[in-house]
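The following exercises introduce a protein structure to a new reader. Each task is followed by a solution in steps.

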Amino acid sequence: MAEMTIAEIKQSAEQKMGKSLESLKNDLAKVRTGRAHTGILDHVMVDYYGSPTAVPQVANVSLVDSRTLGVQPYEKNMIGKIEKAIRDGDLGLNPATHGDIIRVPMPSLTEERRRDLIKVVRGEAETARVAMRNIRRDANGAVKDMVKAKTATEDEDRRTQDEVQKLTDKYIADIDKLLAEKEKDLLAV
């Protein structure tokens, strides 16, 4: 890897943290609050000729009505595999095949289901927090390497670590805010 300046290391860390936060926003948007939407199956993987592939890449996912998704596989032989993948996913869905379309009714959110979804959301948030801490570790490690190579001073190292820590704290606070909003959303009946 080419030598990076301290400013580039901090900029890179901030970009990566921003991308992780965006990714969390997208993941949280997919956790449903009782209504059907096509993005819910984006993370459901199906075995497509030996490689795990997202359902939307092997089938057309559409809204039949506000509480039902229609999944129409591009290849007929995928119907059983897609149905099994949706059933085995951690979304608590129970698909049913009608001819060459898989209908996926969205169950109404029971208290237990809401608690399960909150666990899923908290898991997503924790994954994002871990990603932030890994980015911080990588940035601090890069500066430490610069100190070892004598291209940065100990003072620059400490100052950069403080700045990266402040950045990490800011993004983790953003994650916690997103989590609180989603939990409130899920608990609203």
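**Exercise 1: Leu63 and its hairpin**

At 48% relative accessibility, Leu63 counts as partly exposed, a class that lies between buried (under 20% relative accessible area) and exposed (over 50%), computed with a 1.4 Å probe on protein chains only. The model is a predicted one, in which local features need pLDDT of at least 70 and side-chain atom pairs count only at pLDDT 80 or more, while totals for chains, interfaces and linings use all residues. Residues are numbered from 1 along each chain as its sequence is written, and side-chain values use heavy atoms, with hydrogens and water left out.

Task: State in which strand Leu63 is placed, and describe the pairing of that strand.

Solution.
1. Leu63 belongs to strand 3, residues 59-65. Strands (E, at least two residues) and helices (H or I, at least four) are DSSP runs numbered from the N terminus.
2. Strand 3 runs antiparallel to strand 4 (residues 68-73), and six bridges join them. Two strands are said to pair if DSSP finds at least two bridges between them.
3. One of the bridges links Ala59 to Pro73 in strand 4.
4. Two residues lie between strand 3 and strand 4, which form a hairpin.
5. Along the chain, Leu63 and Thr38 are 25 residues apart, and their C-alpha atoms are separated by 6.7 Å.

**Exercise 2: Two positive phi values**

Task: Locate Tyr49 and Lys150, and determine whether each is buried or exposed.

Solution.
1. Tyr49 is found in the loop between strand 1 and strand 2. These strands, residues 45-48 and 51-54, pair in the antiparallel sense over four bridges, and Asp47 stands opposite Pro52 in strand 2.
2. The two strands form a hairpin with two residues between them, and Tyr49 in its turn has a positive phi of about 50°.
3. Tyr49 counts as exposed because its relative accessibility is 56%.
4. Lys150 sits in the loop between helix 4 (111-148) and helix 5 (154-187). Its phi, near 65°, is a positive value in a residue other than glycine.
5. Lys150 also counts as exposed, since its relative accessibility is 74%.
6. Most residues other than glycine have a negative phi.

**Exercise 3: The surroundings of Ile102**

Task: Determine whether Ile102 is buried or exposed, and name residues that it touches.

Solution.
1. Ile102 lies in strand 6, residues 101-105.
2. With a relative accessible area of 0%, Ile102 is buried.
3. Leaving aside residues up to four places away in sequence, Ile102 touches several residues, among them Leu69, Val71, Ile79, Ile82 and Pro95. A contact here means heavy atoms within 4.5 Å.
4. From Ile102 to Ile86 the C-alpha distance is 9.9 Å, and the two are 16 residues apart in sequence.

**Exercise 4: The whole chain**

Task: Describe the order of the elements and the overall extent of the protein.

Solution.
1. The protein has five helices and six strands, and from the N terminus on they run α-β-β-α-β-β-α-β-β-α-α.
2. The protein is more spread out than a compact globule, because its radius of gyration is 22 Å, well over the 16 Å that the globule rule gives for 189 residues. The radius is taken over C-alpha atoms, and the rule is 2.2 Å times the number of residues to the power 0.38.
3. Along the principal axes, the C-alpha atoms fill a box of roughly 70 × 40 × 20 Å.
4. Of the 189 residues, 39% count as buried.
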